[in-house]
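Me: Help me read this one. Short answers, please.

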Amino acid sequence: MGKPAEPRCYDAAYVVSTPDARAAAFLQGITYLRVALTPVVMALIIAGHRVRYAFVIAAVLFAIAAATDFFDGRLARRWKQTTTLGTFLDTTADKLLVSGVLVALVSAGRASAWIAFIIIGREVIILGLRGAVSAADGTVVAPSIWGKLKANVQFLAIFLAILRVSTRWGPLYLDQYAMLAAAAVTVGSAIEYFARFGGRLGRRAR
């Protein structure tokens, strides 16, 4: 008999992967979409005062990116596809989205530089804390209810800041109140993380 033919790219047995592999690829695709949308939203916000409907389009794309965060985690748990790499990529994508869009909002005059500093600074500090705890004893710092609340309030505040209604509520716009709430929850989330894991690092340092 002759030598069996090499599998071609269109052979079903060669192309079709396992359900777990397809699920993992889909979840990674959602995460990469969130990363890819970040610079697009940033560019639209920065050009918002010069390009018609730029803020509206940016708000829609940001809402899509934020929604992928919800579905990513939910589907990962449902399909039992939660991995260390997946958690890292998902968390990194969230931080890139929030930090990048906040920088663009500061540039466009729609967010306070101090609030952006608090939110981005918290992300950097907690990222370092996670790494230190993991290096100390291999513990994986799981997100808490404070972390999930922080993410949701940040997403809402940023969405409102992108759209920004023209009417003030007292001395501030509605999105500015939301940003203050986001900053407060962000600080509370950082305190909660340090309360859980800061003492462990201190004991190991002595």
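Me: Asp 175: buried or exposed?
Reply: Asp 175 counts as buried because its relative accessibility is 2%. Buried means under 20% relative accessible area, exposed means over 50%, and partly exposed is in between (1.4 Å probe, protein chains only). The areas come from the Shrake-Rupley method with a 1.4 Å probe, and for residues only the protein chains shown count as cover.

Me: Before we go on, what kind of model is this?
Reply: This is a predicted model: local features need pLDDT of at least 70, side-chain atom pairs count only at pLDDT 80 or more, and totals for chains, interfaces and linings use all residues. Residues are numbered from 1 along each chain as its sequence is written, and side-chain values use heavy atoms, leaving out hydrogens and water. pLDDT is the predictor's confidence in each residue, from 0 to 100.

Me: Back to Asp 175. Which residue does it form a salt bridge with?
Reply: Its partner is Arg 164, and the closest N and O atoms are 2.9 Å apart. A salt bridge here is a side-chain nitrogen of Lys or Arg within 4 Å of a carboxyl oxygen of Asp or Glu. The pair links distant parts of the chain, 11 residues apart: Asp 175 sits in helix α7, Arg 164 in the loop between α6 and β1 (168-169). Helices (H or I, at least four residues) and strands (E, at least two) are DSSP runs, numbered from the N terminus.

Me: And Arg 164, buried or exposed?
Reply: Arg 164 is buried, at a relative accessible area of 16%.

Me: How many salt bridges are there?
Reply: The count is 5. Lys 95, Arg 122, Glu 123 and Lys 150 are joined into one network by salt bridges that share partners.

Me: Which partner does Lys 150 have in helix α5?
Reply: Glu 123, with the closest N and O atoms 3.0 Å apart. Lys 150 is in helix α6 and Glu 123 in helix α5, so this pair ties together parts 27 residues apart in sequence. Glu 123 counts as buried at 5% relative accessibility, and Lys 150 counts as buried at 8%. Glu 123 also bridges to Arg 122, at 2.9 Å between the closest N and O atoms. Arg 122 is buried too.

Me: New topic. Which residues touch the most others in the largest nonpolar core?
Reply: That core has 34 residues, and those touching the most other members are Ile 45, Phe 62, Val 101, Leu 105, Ile 158, Ile 162 and Met 179. A nonpolar core is a set of buried Ala, Val, Leu, Ile, Met, Phe, Trp, Tyr and Cys residues joined through side-chain atoms within 4.5 Å. At least two core residues come from each of α2 (19-46), α3, α4 (84-107), α5 (113-137), α6 (145-163) and α7 (174-205). A second, separate core has 6 residues, including Ile 126, Leu 129, Tyr 193 and Phe 197.

Me: Why group nonpolar residues like that?
Reply: In soluble globular proteins, nonpolar side chains tend to be buried together.

Me: What does Phe 62 contact?
Reply: Leaving out neighbours within four places in sequence, Phe 62 contacts Val 41, Leu 97, Val 101, Phe 155, Ile 158, Phe 159 and Ile 162. Contact means heavy atoms within 4.5 Å.

Me: And Ile 126, what does it touch?
Reply: Ala 190, Tyr 193 and Phe 194, not counting residues up to four places away in sequence. Ile 126 lies in helix α5. It is buried, with a relative accessible area of 1%. From Ile 126 to Phe 194 is 68 residues in sequence, but 8.5 Å in space, C-alpha to C-alpha.

Me: Now the outside. Which residues make the nonpolar surface patch?
Reply: Leu 33, Tyr 53, Val 56, Ile 57, Val 60, Ile 64 and Leu 163 make a patch of about 600 Å². Patches take residues with over 30% relative accessible area and no salt bridge; like charges are joined within 9 Å, nonpolar side chains (Val, Leu, Ile, Met, Phe, Trp, Tyr) within 5 Å. Helix α3 (residues 54-78) gives the most, with 4 residues. Ile 64, in that helix, is partly exposed at 41%.

Me: Last one. Where is confidence lowest?
Reply: In helix α1 (residues 12-15), at a mean of 43, while strand β2 (residues 172-173) is highest at 94. Residues 9-16 have pLDDT below 50, and this stretch has 7 contacts in the model beyond near neighbours in sequence. Where pLDDT is low, the predicted coordinates should not be read in detail.
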